[in-house]
Amino acid sequence: MKKILVFISFLFLTTGFCQKKINPSDVEKFQKKINSEYADAKTSPLMEEDLKTFKTLEFYPVKSKYFVNAKFVKAKNEKAFEMKTSTSRRPKYIKYGTVSFVVDGILLKLNVYQDVALSNTNEYKDYLFLPFSDLTCGKESYIGGRYIDLRIPTGNTISIDFNQAYNPYCAYNHKYSCPIVPLENDLNVAIRAGVKTFH
């Protein structure tokens, strides 16, 4: 009963807003762009031996259910913290807010973060970082989770396209230092969208 009430409350809060829909061409552009970057020795995170034979990353089939219009709640009075990475590097982030959405009838919640250093630049001042892990990690997708890039919304909803979820560079090359997905962003569902595991 409690889950039903939560779900109804969520629907009440979000249905009053303009609901965006998935644009397959946006996903196609994302896939082409990332493949192009990974194929180029100047921008690729791939190790030299992998770059020689690289053709394309493997993606899950594009599904509209993984494009969600989430409720966005901005965090208040949050302090910057040092996010753990795959190395000793500890970049400063701040919890910028939370997003709530429904996938397969299940209400899910994730934190979104802002890189303190990037927020002081013109290009990335409205950039939000959404790291997440799910039940596919370590099987179909990268064991360390995946990332999604977002922009600060103007209202209290935000569109999130999991079809554009990508792996951290650490999935391809151990020389990189990548933020580790916080425990609170581990989803107990399978998100079969975006980039799959490499090899």
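Modeller: A quick definition first: helices here are DSSP runs of H or I at least four residues long, numbered from the N terminus. Also, keep in mind that this is a predicted model.

Biologist: Okay, let's talk salt bridges. How many does the count come to?

Modeller: Opposite charges on side chains can pair up when the charged atoms come close. To make the list here, a side-chain nitrogen of Lys or Arg has to be within 4 Å of a carboxyl oxygen of Asp or Glu. Going by that rule, the number of salt bridges is seven.

Biologist: Let's start with K32. Which residue does K32 form a salt bridge with?

Modeller: K32 is exposed, at 55% relative accessibility. Its partner sits four residues away in helix α2 (residues 24-39), so about one helical turn separates the two. That partner is partly exposed, with a relative accessible area of 42%. The closest N and O atoms are 3.3 Å apart, and the residue is E28.

Biologist: E37 and K33 also meet in a salt bridge. What is the N to O distance there?

Modeller: These two are again in helix α2, four residues apart, which means about one helical turn lies between them. K33 is exposed at 53%, while E37 is partly exposed at 28%. From N to O, the distance is 2.7 Å.

Biologist: And R192 with E140: how many residues apart in sequence are the parts that this pair ties together?

Modeller: Their side chains meet in a salt bridge, 3.1 Å from N to O. R192 lies in the segment after β7 (157-161) and E140 in the loop between β5 and β6, so the sequence separation of the parts they tie together is 52 residues.

Biologist: Is R192 buried, exposed or partly exposed, and what is its relative accessible area?

Modeller: Buried would need a value under 20%, and exposed one over 50%. R192 falls in between, so R192 is partly exposed, like its partner E140 at 29%. For R192 the relative accessible area is 37%.

Biologist: Now S133. Which residue's side chain makes a polar contact with the side chain of S133?

Modeller: S133 is found in the loop between β5 (127-132) and β6 (146-151). With a relative accessible area of 11%, S133 is buried, because that is under 20%. Beyond neighbours within four places in sequence, S133 is in contact with several residues, including G145, V181 and L187. At 2.8 Å, the polar contact between side chains is with D186.

Notes
Residues are numbered from 1 along each chain as its sequence is written. This is a predicted model: local features need pLDDT of at least 70, side-chain atom pairs count only at pLDDT 80 or more; totals for chains, interfaces and linings use all residues. Side-chain values use heavy atoms; hydrogens and water are left out. Buried means under 20% relative accessible area, exposed over 50%, partly exposed in between (1.4 Å probe, protein chains only). A polar contact is a pair of N or O atoms within 3.5 Å; within protein, one must be able to donate a hydrogen and the other to accept it, and residues adjacent in sequence count only if both atoms are side-chain atoms. Contact means heavy atoms within 4.5 Å.
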